[in-house]
Structures are given as C-alpha cells and as structure tokens.
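Please look over the sequence and the model below before reading on. The paragraphs that follow are meant to be read with both in view.

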Amino acid sequence: MKTSDITALVVLGALWGASFLFMRMGANEFGGMALAGMRAIGAAICSAPLLTRTRLTEMRTHWRDIAIVGIANSALPFVLFSFAAQSLPAGVSAISDAIAPLLVALSGWMLLGEKLNPMQASGLVIGFTGVVWLVAGTVGFGGGTHAMGWAMAACLGANVCYTFGAHYSHRRLRSGVTPLSVATGSQLAAAVLLLPFTVWMWPTRTPGWTAWLAVLGLAALCTSLAYVLFYGLMARVGASRSMVVMFLIPVFGVVWGLVFLHEPVTLAMAGGCIVILLGVALTTGLLRLRRNRGAVSTEVVVEHS
C-alpha cells in the first residue's frame with residue numbers, strides 16, 4: 001500500500017479505537033440510550049453534505065434494506081456499546097469488538113452453509129478461547145460484578161448485530177447501491193429510530209462539557225469521518241487490506257484508555273486480545289500457516305489480497 005493509504009488505515013484504527021474512549025467519557029452522564037441517540041443524530045447531520053442526487057436516488061430505491069442495515073450496524077450496537085461503557089473499561093469494550101469477524105464466519109458456517117477450511121476452523125477455536133479468557137478475567141465465572149456481566153453481554157449482543165448486518169448487506173445490497181450510500185443512509189435511519197428514545201430518556205441533569213466533547217468526537221470523528229475514510233480506503237486498496245483495521249481498533253482502544261483514563265492493562269486484557277486477534281487472523285485468511293515438506297516445518301505468510 002502507498003504511504004497515504006497506510007496513514008489512512010492507522011488514522012481509521014485510532015478513530016474507531018477512540019470511540020470506546022468517548023463512550024466511556026459520556027455514558028455515565030448521558031446514559032446509554034441518549035448517548036447512542038446523540039451519536040447517530042450528530043453523525044447524520046455531519047453526513048448531510050454527502051447526500052448527492054445520485055445517493056439520494058439509491059437510498060430511495062433501497063430504503064428498506066438500508067434501514068435494516070442502519071438498525072443492525074448502527075442503532076442497536078450504539079445503544080449496546082454505550083450501555084456497556086457505563087461499567088466496562090474502554091479497553092475491554094474495544095477488545096470485544098474484534099470478535100465480529102469470528103461471529104460472521106461461525107454464523108456463515110452454521111446457518112448459511114459456507115465452508116470453513118481447517119485453518120479457519122482452528123482460528124475460530126483459538127479466537128473464542130481468547131473471548132473466554134477475556135470474559136473470565138474481566139467478570140469472572142462466579143465472583144464478577146452483576147453490572148459488568150451484563151455489560152459484557154451487551155458487547156456480545158452488539159457484535160451479533162454486526163454479524164447480521166454484514167450478512168444482510170452482503171446479500172441484499174451488493175448491487176445497485178454504493179457503499180457510501182449505504183453508510184450515509186444507515187446513519188440517517190439510525191438517527192430517525194433513536195430520536196424519540198433520546199428525547200424520552202434525556203438525562204435530568206445537564207451533562208458537562210467533557211461529555212459533550214465526547215459526543216462530538218463520537219459523531220463527527222468516530223462515525224461520520226471514519227466511514228468516509230473506510231470506504232475511500234476500500235475503494236483504493238480493496239476489502240481484505242482494509243480489514244486490517246480490525247487489528248488496530250483493540251490496540252488503540254487499550255492505549256487511549258490507558259493514556260486518558262488511566263485504565264490498567266490486565267493480563268486478561270493483554271492475553272485475551274492477543275489470542276482473539278490471532279484467531280481473527282487465521283479465520284479471515286489474513287494469516288496462513290504453510291506446510292513445507294510434508295509438515296516437517298511451518299512458516300507464517302501474510303495475505304495482502
């Protein structure tokens with residue numbers, strides 16, 4: 001990739017990793033629902049300049065499918081991750097976000113009849129082992145707090161929503177509509193859906209300026225700008241290279257939490273993150289083990305296309 005594309009990839013990972021920092025900063029003052037609603041509404045407003053005549057035509061033609069993707073990929077995950085941010089450290093939520101590719105592969109195999117080779121199956125086992133490690137070390141299987149247990153469940157639910165959205169958009173929106181139209185339209189759909197709930201569950205006490213800055217960062221940077229960067233990157237370097245960002249999000253999420261919120265990096269976080277990312281790399285085919293001379297030795301090769 002060109003230096004500019006690598007820079008865009010790193011910036012995108014930093015932005016999406018920062019979303020967990022901003023949610024942690026604003027969730028307790030806004031509440032999960034109001035924070036998610038303000039994120040979607042703000043992102044829709046920031047995305048308004050992208051509404052060209054062509055995109056509006058595409059959105060009108062495919063509005064039902066785009067609305068469903070908006071619910072699955074934006075509205076519900078925003079709410080669930082914002083709820084989790086009231087209890088979980090930003091780094092833990094960011095690490096949990098990396099399991100989405102594992103769920104996509106697993107559900108494709110179980111529900112849609114998609115085949116998995118032995119390497120991908122091994123990646124699923126490794127990845128979900130990392131999830132168990134992360135959950136056990138963060139919440140515990142018997143002594144964990146009740147709130148953190150529900151927060152981890154919310155993170156899992158958000159990734160299930162991403163999984164459904166990925167399969168649905170792949171099957172229903174592959175032709176006749178550009179990805180940026182889907183991204184813009186889905187943010188508008190999420191904003192419309194969450195607006196009444198945001199008004200209904202608005203906090204009785206006015207949030208402070210740091211919480212408002214967190215909302216601004218979530219909407220303008222981590223959602224609107226990040227989607228533009230992501231789809232521009234996909235157009236230039238392809239989907240497989242763009243998905244490398246999934247490996248940067250947990251790293252930046254942990255770093256931002258450590259630097260700005262002084263969150264400790266525990267063994268469960270570090271170990272779970274490494275194992276999950278290894279599983280994702282094998283499952284998605286980004287990392288392959290190549291056998292030489294009848295399994296006498298192995299080497300690791302990285303796929304770039």
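What follows goes from the annotated regions to the packing of helices and then to individual buried residues.

The model is a predicted one, and the UniProt record, an unreviewed entry, carries the annotation "domain: EamA" for residues 9-135 and 150-284. Within the stretch 9-135, helix accounts for 83% of the chain and strand for 0%, while the C-alpha atoms at the two ends of that stretch are 28 Å apart.

Helix α6, formed by residues 100-111, can be followed through its contacts with two other helices. With helix α7 (residues 118-138), its axis comes within 10 Å and the two axes cross at roughly 135°, so that α6 counts as oblique to α7. This crossing of α6 and α7 is left-handed. On the α6 side the contact involves Leu102, Leu103, Ala105 and Leu106, and on the α7 side these meet Gly123, Leu124, Gly127 and Phe128; sorted by class, the residues comprise six nonpolar, two polar and no charged ones.

The second partner of α6 is helix α8, which spans residues 146-172. Here the axes come within 9 Å and cross at roughly 55°, which makes α6 oblique to α8, and the crossing of α6 and α8 is right-handed. The residues contributed by α6 are Ala100, Leu103, Val104, Ser107 and Gly108, and they meet Leu156, Asn159, Val160, Tyr162, Thr163, Ala166 and His167 of α8. By class, this contact of α6 with α8 has seven nonpolar, five polar and no charged residues. Leu103 is listed both in the contact of α6 with α7 and in the contact of α6 with α8.

Further along the chain, helix α9 (residues 179-200) packs with helix α10 (residues 209-237), their axes coming within 10 Å and crossing at roughly 165°. Because that angle is over 145 degrees, α9 is described as roughly antiparallel to α10, and the crossing of α9 and α10 is right-handed. Pro179, Leu180, Ala183 and Gln187 of α9 make the contact together with Thr223, Tyr227, Val228 and Tyr231 of α10, a set that divides into six nonpolar, two polar and no charged residues.

Gln187, one of the α9 residues in that contact, is buried, with a relative accessible area of 2%. Apart from neighbours within four places in sequence, Gln187 is in contact with Thr223 and Tyr227, and also with Ala40, Ala43, Ala44, Ser74 and Phe78. Its C-alpha atom is separated by 21 Å from that of Ala14, which is 173 residues away along the chain.

Two loop residues complete the picture. Is His62, in the loop between α3 (53-61) and α4 (63-85), buried or exposed? His62 counts as buried, because its relative accessible area is 17% and the limit for that class is under 20%. Outside the four neighbouring places in sequence, the contacts of His62 are with Leu173, Ser175, Gly176 and Val177.

Glu263 lies in the loop between α12 (245-261) and α13 (267-284), and at 9% relative accessibility Glu263 is likewise buried. With neighbours within four places in sequence left aside, the residues in contact with Glu263 are Arg24, Pro89, Ala90, Gly91, Gly257 and Leu258.

Methods
Residues are numbered from 1 along each chain as its sequence is written. This is a predicted model: local features need pLDDT of at least 70, side-chain atom pairs count only at pLDDT 80 or more; totals for chains, interfaces and linings use all residues. Side-chain values use heavy atoms; hydrogens and water are left out. UniProt positions are given in the numbering used here, feature names are shortened, and annotations may be inferred rather than shown by experiment. Helices (H or I, at least four residues) and strands (E, at least two) are DSSP runs, numbered from the N terminus. Buried means under 20% relative accessible area, exposed over 50%, partly exposed in between (1.4 Å probe, protein chains only). Contact means heavy atoms within 4.5 Å. Axes are lines fitted to C-alpha atoms, for helices over the stretch in contact, and angles run from 0 to 180 degrees between N-to-C directions. Angles under 35 degrees count as roughly parallel, over 145 as roughly antiparallel, 65 to 115 as roughly perpendicular and the rest as oblique. A crossing is left-handed if the near helix is turned anticlockwise from the far one by less than a right angle, and right-handed if clockwise. Ala, Val, Leu, Ile, Met, Phe, Trp, Tyr, Cys and Pro count as nonpolar, Asp, Glu, Lys and Arg as charged, and the others, Gly among them, as polar.
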